[in-house]
Amino acid sequence: MKLFPATLRGKFSAVIMLVTAAAAVGLSLLVHGAFARTQLEQARELQDERLQVILRDHASTGQAILDSKLDDPALPPPLRAAVLGGNRATYLDESTPDPGIWAAADVDGRILSLRSSYADQTQALAGLDQVLVIGSVVVAVAGALLGIVIGNRLSRRLRRAAEAAGRVAAGDPARVRDAIGTRPQDETADLAQAVDAMADALQARLVAERRVTADIAHELRTPVTGLVTAAELLPPGRPAELVRDRVSALRSLVEDVLEVARLDTATEEPDRSEVALGEFVRRRAAGVVPEAEVRVITDAALETDPRRLERVLVNLMLNARRHGAPPIEIEVDGGRVALRDHGPGLPDTLLREGPSRFRTGDTNRPGGHGLGLTIAAAQAKVLGGTLLFANAPDGGALVTFELPPPE
């Protein structure tokens, strides 16, 4: 069982409430104890003064005045034992429904005693306790409300910081400091400043890396084009075929790297037009994986970019054909396209982290340069859709492409 709420706001409120309640209870106990001791001391002094007056009068007249008694049978035994031997003492007796304050003295072997009611003092102490209880409750409630107010403020700033950090992670050039405000200058503001500085440093590093990647791919494009032209001029033969194949693979790699570099800038915009998704998938599957089984449950006309949509679907189909195993099944249901093969399935790293450039998976999925799924995911994002990667329960990879519904 948790002693404190899970949220920072709840913990902060609970701590303040507990601290204020403990302080109120502690202060109430101190006030109660001090008031009770003062009352008792005053009652003892007053009763002792009365007893001294009675003793002086008894010494001269031999009479017991002011309701005093000699050898009172109701005298408490502890007081009787305390005064034997010529002593004088006071005693608070709370053993009866009507508490009393006693004073007694030993007079020539007899005990002269005086009892007064202590009920008024007891009632006063009870009234004080009631006030202290009400005050403690009020203080605890006020502390809880104060904790909620302060916790809400701190929690709200932290939530804004978390939301802004999430937007930064998604590629939005947001500033955490702007999201939480410039006041007050507290630890949250210091955290926001540190996160902004870290985001700026990472963004600068990513921009530099993307620029280097794009520049390298762009610079390679011209010599690769020359290689393609030179390879076409080679005389027929097996060596020429091998050269043309490798040059073609290199050219494809350079084009893919350039495409990834463009998508990394997050400035690509779709050129939308109406597409009948079911028929669109059928035609592309017939050209890429003609052996695939295409099943259209619900066809839908969507406003999307046909070129980017084709890029996503073709990359997914090629990945299933190269790394999976037949039968390959494609299901279209509205704006959802599910593609499944019966191969070894997707590696755990891809399921956990998503597609990553130049990562081709484990040894069970050789071949390629790891950019196909990366490009598909990036193009899907430009279209406003998502790619979901999973493995089917009975084996094989299952990739689901979700397009946004028509507006």
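**Salt bridges, pair by pair**

A search of the whole structure turns up 9 salt bridges. This is a predicted model, where local features need pLDDT of at least 70, side-chain atom pairs count only at pLDDT 80 or more, and totals for chains, interfaces and linings use all residues. Residues are numbered from 1 along each chain as its sequence is written, and side-chain values use heavy atoms, with hydrogens and water left out.

Colleague: What makes Asp-71 and Arg-110 a salt bridge?

Modeller: The term asks for a side-chain nitrogen of Lys or Arg within 4 Å of a carboxyl oxygen of Asp or Glu. Here the closest N and O atoms are 3.0 Å apart, so the pair qualifies. Asp-71 sits in the loop between strand 1 (69-70) and helix 2 (77-83), and Arg-110 in strand 4 (residues 110-117). Helices (H or I, at least four residues) and strands (E, at least two) are DSSP runs, numbered from the N terminus.

Colleague: Nice! Now Glu-310 and Arg-284: why is Arg-284 called buried?

Modeller: Buried means under 20% relative accessible area, exposed over 50%, and partly exposed in between (1.4 Å probe, protein chains only). Arg-284 has 18%, so the word is buried. Its salt-bridge partner Glu-310 has 32% and is therefore partly exposed.

Colleague: And how do you know that Arg-336 and Asp-333 meet in a salt bridge?

Modeller: Their N to O distance is 3.9 Å, which is within 4 Å, so the pair counts. Shared partners join Glu-293, Arg-295, Glu-331, Asp-333 and Arg-336 into one network of salt bridges.
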